[in-house]
Structure formats: structure tokens, C-alpha cells
Amino acid sequence: MSPSPPDIPSKGDNPTEFGRAPRPAKGPGRIESQGDSPTNWQEAQLARFVTDGAEIPPEMVDEHKGVLLKPGDVVADRFEVVAMLGFGGMGAVYHVKDRHLRTEKALKVMLPALLKSGAARERFRSEVAISQQLRHDNVVTVYDLMADRARGFYFFTMEYVPGKTLHRVLAERGGPLPLGQALDIARQLCD
């Protein structure tokens, strides 16, 4: 994931903030583009990742445009984007509303370049299938592997867990965690 946050307001305690103070969203829970076309908006978002020294090389910017979604966008005629949760070298993760089941989920979009070959797609499908079999309180449940043909990308949905990232907790604290809290987190990771 990029160390630079996307320039997108978040809903307060959700991980979208990447350690920044929240900026108020405009409208009823939506971000208004202030008249920019999606292309201009995408270019502005991606420019931050390239110019801020993030992990997206300039030659991959066009590829990332295809997975950069705005709140209100609908993926595969089913999943409405609420907010971006993360953005990095493999793609992007979004908080979405499942319009069919009326539930909240996380949706991870993979960069098309990573899945160009049949072998890569099969490996990805296999990893998602294995992830679906994992059952543990500390591991999110993976639901579906799908494709959005109109946008030309594959994605999978998983359990949405609201809260703060460890990065944000550390940033808010301004330094390391107390030993007991750090050990508790380490124990959960080991589980």
C-alpha cells in the first residue's frame, strides 16, 4: 500500500484516512466531484501517488486509472462504492454496499496487468478459493470472485470490518504502543 493517503474524505474512524484528520464529506454521505469529470478526478488522485513517491511507477498510472473508483460508482451492476480503504501496487480496496443483499462488504480490485495470463488468473482463483475455506475470528471471510466486464477487471468481495488500521492507531498515539497492547496484537497475528 502507498504511504501517501488518497485525497478522499473519509467517514471518520474508517481506515480510509491513513492517519489524517477527517475532512467533511459533501452531501448526504457522498463526495461531490465539484464538476470534474471522472477522468480529471482519476488523474488528480493518481498524480498524488506518483508525485508523492508512492509505489506506483509512472508507467503504470494508466493501468491504475481503471481500478480507481469514486463513491457512488457501481461495480458489476451490484456493488456501490462507499469509500476507498486502500490503494497500492496490486490494486485498490473499497468499502461497498451490496445492492442485492443489502449488506456492507469490502471489495478488492486487482490490476488487470497482474492477471493477463491464464495461469495468473487460475492462481488468483485458487488463492481466493483457499481463502474462502479459512475460518478464524482474526481473518476476514472471503465471499466471491467476480469480473466487471465493462471495466475490464477482476475483483473479490470479503467481509467488511470497520475500524482503524494499525498505522492509524500508531499515528494517533504518536509512537509505539505500550508493551502489553503490542503483545496482544502480536498474539492475535500469530493465532
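This report covers the aromatic pairs, strand pairing, nonpolar cores and backbone exceptions of a predicted model.

**Strand pairing**

Strand β3 (residues 91-98) pairs with strand β4 (residues 103-110) in the antiparallel sense, over eight bridges. Together β3 and β4 make a hairpin, with four residues between them. One bridge in this pairing joins V93 to K108 of β4. Strand β4 also runs antiparallel to β6, to which five bridges join it. K108 takes part here as well, with F156 as its bridge partner in β6. K108 is thus a bridge partner of V93 and of F156.

**Aromatic pairs**

The model has three aromatic pairs. One of them is formed by F79 and F155, which meet edge-to-face at 5.8 Å centre to centre, with 80° between the planes. F79 belongs to strand β2 (residues 79-88) and F155 to strand β6 (residues 153-159), so this pair ties together parts that are 76 residues apart in sequence. Both of these residues, F79 and F155, are buried.

Another pair is that of F124 and F156, which counts as tilted because the planes stand at 55°, with ring centres 5.9 Å apart. This pair also links distant parts of the chain: F124 sits in helix α3 (residues 118-133) and F156 in strand β6, 32 residues apart. F124 is buried, at a relative accessible area of 9%. F156 is buried too, with 12% relative accessibility.

Ring pairs also join F79, F153 and F155 into a cluster. A further ring interaction involves a charge: the charged end of K105 sits over the ring of Y143, 5.0 Å from the ring centre.

**Nonpolar cores**

The largest nonpolar core has 16 residues, and those touching the most other members are L69, V75, Y94, L107, V109, F153 and F155. At least two residues of this core come from each of β2, β3, β4 and β6. The largest share is that of β2, which gives four residues.

What does L107 contact, leaving aside its neighbours within four places in sequence? The residues in contact with L107 are V75, F79, A92, V93, Y94, V96, F155, F156 and T157. A second core, separate from the largest, holds eleven residues, including V93, M110, L115 and Y160.

**Positive phi outside glycine**

Two residues call for a note on backbone geometry. A76 is not a glycine, yet has a positive phi of about 55°. R102, also not a glycine, has a positive phi of about 55°. Where these residues lie and how accessible they are is set out below.

| Residue | Phi | Loop | Relative accessibility | Class |
|---|---|---|---|---|
| A76 | about 55° | between β1 (74-75) and β2 | 25% | partly exposed |
| R102 | about 55° | between β3 and β4 | 77% | exposed |

The class of A76 follows from the cut-offs: buried means under 20% and exposed over 50%, so A76, at 25%, counts as partly exposed. R102, at 77%, counts as exposed. The loop that holds R102 lies between β3 and β4, and R102 is in the turn of the hairpin described above.

Key: Residues are numbered from 1 along each chain as its sequence is written. This is a predicted model: local features need pLDDT of at least 70, side-chain atom pairs count only at pLDDT 80 or more; totals for chains, interfaces and linings use all residues. Side-chain values use heavy atoms; hydrogens and water are left out. Rings of Phe, Tyr and Trp (its six-membered ring) pair if their centres lie within 6.5 Å; planes under 30 degrees apart count as stacked, over 60 as edge-to-face and the rest as tilted. Buried means under 20% relative accessible area, exposed over 50%, partly exposed in between (1.4 Å probe, protein chains only). A charge sits over a ring if NZ of Lys or CZ of Arg is within 6 Å of the ring centre and within 35 degrees of the ring normal. Two strands pair if DSSP finds at least two bridges between them. A nonpolar core is a set of buried Ala, Val, Leu, Ile, Met, Phe, Trp, Tyr and Cys residues joined through side-chain atoms within 4.5 Å. Contact means heavy atoms within 4.5 Å.
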